[in-house]
Amino acid sequence: MVAYIIRRVIVGLLMLVAMSFIVFALFMKNPVDPAQFSCGKNCPPERIEETRQALGYDQPLLVQWGAFAKGVVVGREYPADEAMREANPELVTECAAPCLGYSQQLQMTVNDEIAEAAPVSISIALVAVTIWVVFGVLFGVLAAVFKGTLVDRGVVGATLSLYAFPTFFVGALLINFVAIKWGIFPAPGYVTIAEGGVGEWLLQLMLPGFTLAAVYMAGYVRMTRAFVLESMSEDYIRTAKSKGLKGGKVLFKHALRAALTPLVTMFGLDVAAVLGGAIITEDVFNYYGLGKLAVTANETYDLPTIVGLVLLLGALVIIANIVVDVLYAFIDPRVRVA
Amino acid sequence: MTVSEVLIQGPDPEIDPEPRTGEVAGRSPMRIAMDRLLSDKVAMICAGIVLLFVLIAIFAPLLCKLFGVELRAGDPVTDTDSFNYPVIGPPNYGFTWEAPLGLEPNSGNDLLAEWFYGARTSLLVATIATVVSTVVGVVLGLIAGYSRGWGDRVITFMIDLFLTLPFLLVAIAISPMLVERWRENPTMLDNASLIALIVILSIFGWMGLARLIRGEVISLREREFIEAAHVLGMPTHRILFKELLPNLVAPIVVSFSLSLPATIAAEATLAYLGVGVTGRPSWGQTILRAQSWFDEYPLYLYAPIVGIVVLVFALNLLGDAIRDAFDPKSFR
Amino acid sequence: MRLKRTVIAASAIAALTLTAACGGGDGGGEDPAGEFKAGGGAGAGKDATAEGPLEIPSDAKMGGTISVVTNNAPATLDPTRTYYTDSGAIMSGLVTRSLTQYVYDEKSGDSILVPDLATDLGQVSEDGLTWTFTLKDGIKYEDGTDVTAEDVVYGIKRSFATDTLTDGPTYQTTFFKDGQKYKGPFADTDAELQKLPDYDASAGWYGGEDYDGVEADGNKVIIHLAQAFPELDYYASFPVFSPIPKAKDKDPLAYESHPMATGPYKFESYKPGTSLKLVKNDQWAADTDPGRFQAVDAFDFKFAQDTAKIENQILGDKGAAQSMIGYDDVTPPTYKSIKEKAPENLIEGTSPCTYMYRPDQTKITDKKVREAISWAYPYQAAWKASGEIVGVTIQPGTSLLPPGTAGRVEYQYPKGQDGQTTDPEKAKALLKEAGAEGFEIKWYYERDDEQSVAKKDQMVKGFEAAGFKATPVASTDETYRDDQSNLDAPINLRYGGWCSDWPSGGSWFPAQWIGSNANKPGMPNPTNFKEADADAKQAEILKMDADKVPAAWGEFDKWMQETYMVEINAGYDANAFIKGSLVGGVVNDPVKGMPSFSIMYLK
């Protein structure tokens, strides 16, 4: 078991290394000068050179990547160029491990940016996950129990059509009607718990939470339904029924449990992805989370931020994968062999 | 699952079909599936809808002539009022055959013509991207599954790697770079934006299928007919494409039918984020322009949205039906 | 594919709006002949005796936060580089105090020039070559340290470093002593000077702190000029003339991340391109400031926001949206609905800019052809296609000087052309007369901007209907401005605009239509207009008595168009922006074409 976990972690680390290198190469070796990007439009040539040195873009790609990787492990200092650091000690910015980079545009480390934006994303994710898991499983069980009836068709049809709507449209509809026209919810604007208390915080997360959950719901409904149906036709359920166990008890004690494993898998991976910023939802509602940070960074050509975010999100998914795999290995020992 | 998730991961591994080949003697699995599909009313209705959209896309110019509308032919001076609102057509002036879907504010362009041609772009982009990612997925899956050792390891690693990259974020970040390559030649920009979009959708669409095919091949390669071909000295590429491929039709068809709607939805999502085609009408671009008119002139936005929703919904149902048809164990 | 959605001008129109009230980095003030003598007249009121504090209106509820939301994002907030309407309005209105400032005058509906840090509007010597500003006592920075005359002097010196601190106004290099030689405080060695672009060993360049064009004497700032600059008092309102403590300017390009505040608000956090949060500056003293007050606790700027979202929120006017204000021109649907629902939340006004189609004089040599363009151009269609609301965000006209400029003359040329009439027949007749049927017009448009493309489509239709051959040339959002200012561009018609730096005709003709600037790289004279008699007339006007100058420029405007048909007026820029119902004190500052942040409050 331990050996399996170690093997999975090593593969995960390898993947991170490979991903960071590819992302680095992709973004830094593109046809446009990254220093020019960082420096902005109308940047005088000598300033571009300075930026290039400050961010270490004058070094060969491998060296840059090495510095970056080292920064992730032990932290680093900016400007990247040592001579520049010595010349202007007051300008040195400390970037503690795991250092994901430094954004010239925002004059702050990517870590700080992420630390600022992450609570928003986590809040939205929390609410969204709660909504989609509770309602997804509930509707899924409902559909399975009433298989073939109008309820089944209604639930599956409704979630599937909700899924067919583009997220930005769902969000825009909610803002425009539920918030602005009907005034049921306040106009969207993120409020921290410290600012407005739990109630206000939650209230402001309902609409984006629902928007984000809407897309995921269909998958959970269908999966729950399929697995509950499958297990209901298994022998042990039939045995349980024939032993005279009540329908409800059979359903929750046996059938639903069978569906739990795949649900947990899917859940683990989805949560990792959602934590990484619901780009569309955050953009539509204008909540400054990781997704919005990504969109803004992209609009201002803030490459270090984009690279840092891609790596963070990738790492989240890799970690989730490892956790899910290990969980699986615990539940089903056969996995380890495969 | 978000749209992009489905796109990245392909169909859920959990609900993926595991075609039981040769369960019913005498009829090919393809034949059985077709029979099942043909008797499925919902699937047939959806197929009809999809076919309708395909016909609209192919015959967009003809349809425009038929309805007497013209693409991008509006005259702002005569067609719009002092607030730049159209002076004829729904929703403000009632239905008229002159402009069945109304006109576009500001420019006075006909929205029906825009919609017809938009369907064309959407389907074109989604189809090409799905075909490309399917081909890539099949080829890499075959190679990975058949070659033991390093080949397999490298491709599996690639699959996992691409599954790990956050799709939307990478897409919005690399599309300007792809377009940048044509920066020196702006007249090529229209094509550049189209190609960049297709490339992005393709490179994030192949992994699910590749993984699936790999699994299938691993289980198939130990079978007698493959062993026999191997012993007979058949060249590897022949074994892959003549012997193995025909046995993989089911997962390929299922995967294709489920990624197509995901790709269409992804295209609209990317357009919202500013990664879209320029220079030709597309639903995504119409949506982008229509957003500020949403409140006062909603038909502008609703038309392309309805197009996307209906098409994606029908394709999804159809894809489900195809999957069920191939998989006797599925539940409906 | 569009490179990006919102940040940095999304269209040609937006790009221009951004630069409103600035002379443009190219020509403004760089021409040595630009001797500005005009002054006075409409929009140029002055009050040298105005004193603080400014009274806060009685309906103001003290405190609260005003959210300012916009689709645009200021290029930079460095005081020295502030030369855009948006950054200028934010910095001058709230953060940095300069020697002089504008304050909105309710009676005339205009902005008038009043003292700011200085006790008056400056004292000018007999020969007009020395200006003296005396600083008020007790002015402090946000950290409590005293503002000194040295700091103002340092700020001015800093503005000569135009290669490091780009895009700022450049009048000082024309009018100040050694303006062409002094290169600012940063390049203080020969090696560094040699690194500057266009280095010329024989030009006698120098840098460093040692510059005697500006000096501090006690609490006096003394400016020495190379040539008379009667409108220096107007120019002194630019943030270039705000104090910058040298100790805080270790990295000049990083200074914008937190410029030291002297105004009623200071930076709390600034994310370029994204957001700016301003909070009360407790070191600011109301009784020294005749132009600003401190009625709210904070200003929260959000840049690069989606237009539709901004407008929907403000239109909805619920909760936090009630204390929101935008400064982008509204879109037609929003204009219509706010007119119907809450006209009091719509603010309309003028801005000092004219849009023009500018035929290249070296390529379209026949005046009749240029006149034909003015009849062929599809004014209404082009405006509408690019999302302008005629009469609201754009005003038709033919004089080049925008309304509100001193001495402006209204005229119609060609006869019957009111700045919005398209008549293909007249164009055809003129082309036939000139023997230029099928003349090819070539111009740039932005391939990746939907509105630019829509406008191009209308122009092609219009030009072809009038017997021209229309050849639009593709450019991109990113490169459009550079492409247009390329002297060798494969086009013969450019699109652009010009705005007043202060409300007087003097900041117009010598800057853009002087022959010595024609055919130069960067197109400081965008039409390559070079006629001996026009140059002579301009020189004559520059020598006139100050009180006769405005009218003379007005007449020159008319004469130039009638004689040479230099430009096709594509409309004056106008403003229409919206606010939430709780925001008070919102007026359109006609000098900048921006809302007046300095007198804003919450009701």
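**Entry 1: salt bridges, the basics**

A salt bridge, for my purposes, is a side-chain nitrogen of Lys or Arg within 4 Å of a carboxyl oxygen of Asp or Glu. I'm working with a predicted model, so I keep that in mind throughout. My warm-up pair was C:Asp146 and C:Lys140, whose closest N and O atoms are 3.5 Å apart, so the two form a salt bridge. I then checked how open each partner is. C:Asp146 comes out as partly exposed at 47% relative accessibility, and C:Lys140 is also partly exposed, at 28%.

Next I looked up C:Glu209 and C:Lys246. Their side chains meet in a salt bridge, at 3.8 Å from N to O. This pair links distant parts of the chain, with the two positions 37 residues apart: C:Glu209 is in the loop between helix H5 and strand S6 of chain C, and C:Lys246 is in the loop between helix H6 and strand S8. C:Glu209 has a relative accessible area of 36%, so I put it down as partly exposed. C:Lys246 gets that label too, at 48%.

**Entry 2: a pair that crosses chains**

How many salt bridges does the structure hold over all chains? I found 35. One of them joins B:Arg289 to C:Glu450, with the closest N and O atoms 2.4 Å apart. That pair crosses between chains, from helix H14 of chain B to helix H12 of chain C.

Are these partners buried or exposed? The cut-off for buried is under 20% relative accessible area. B:Arg289 has 17%, so it is buried, and C:Glu450 is buried as well, with 16%. I also noted that salt bridges with shared partners join B:Arg72, B:Glu104, B:Glu114, B:Arg289 and C:Glu450 into one network.

**Entry 3: where chain B meets chain A**

I moved on to the contact between chains B and A. Here 42 residues of chain B are in contact with 56 residues of chain A. About 4,500 Å² is buried between the two chains, and carbon and sulfur atoms give 76% of that.

I counted 1 salt bridge between chain B and chain A. B:Asp320 and A:Arg222 make it, at 2.3 Å from N to O. I also counted 3 residue pairs in polar contact between these chains. Helices H1, H7, H8, H13 and H15 of chain B each give two or more residues to the side that touches chain A. H15(B) gives the most, with 11 residues. Sorting that side by residue type, I got 28 nonpolar, 4 polar and 10 charged.

**Entry 4: chain B itself**

Chain B has 15 helices and 0 strands. Of its 332 residues, 59% are buried. I picked H7(B) for a length check. At 1.5 Å a residue, its 15 residues should span 21 Å, and the end C-alpha atoms are 21 Å apart, so the two agree. Buried residues in H7(B) include B:Asp152, B:Ile155 and B:Phe162.

**Entry 5: one threonine in chain C**

Last stop: C:Thr82. Where does C:Thr82 lie? I found it in the loop between strand S1 and helix H2 of chain C. At 2% relative accessibility, C:Thr82 counts as buried. A polar atom of its side chain lies 2.7 Å from the backbone oxygen of C:Asp78. Leaving out residues up to four places away in sequence, C:Thr82 touches several others, among them C:Ser87, C:Met91, C:Pro169 and C:Phe238.

Methods
Residues numbered from 1 in each chain as written. Chains lettered and ligands numbered in written order. Predicted model: local features only at pLDDT ≥ 70, side-chain atom pairs only at ≥ 80, totals over all residues. Heavy atoms only, no water. Contact = heavy atoms within 4.5 Å. Buried area = accessible area lost by both parts, 1.4 Å probe. Polar contact = N/O pair within 3.5 Å; in protein donor to acceptor, adjacent residues only side chain to side chain. Helix = DSSP H or I, 4+ residues; strand = E, 2+ residues; numbered from the N terminus. Nonpolar A, V, L, I, M, F, W, Y, C, P; charged D, E, K, R; others polar. Expected span 1.5 Å × (residues − 1). Buried < 20%, exposed > 50% of the residue type's maximum accessible area, 1.4 Å probe, protein only.
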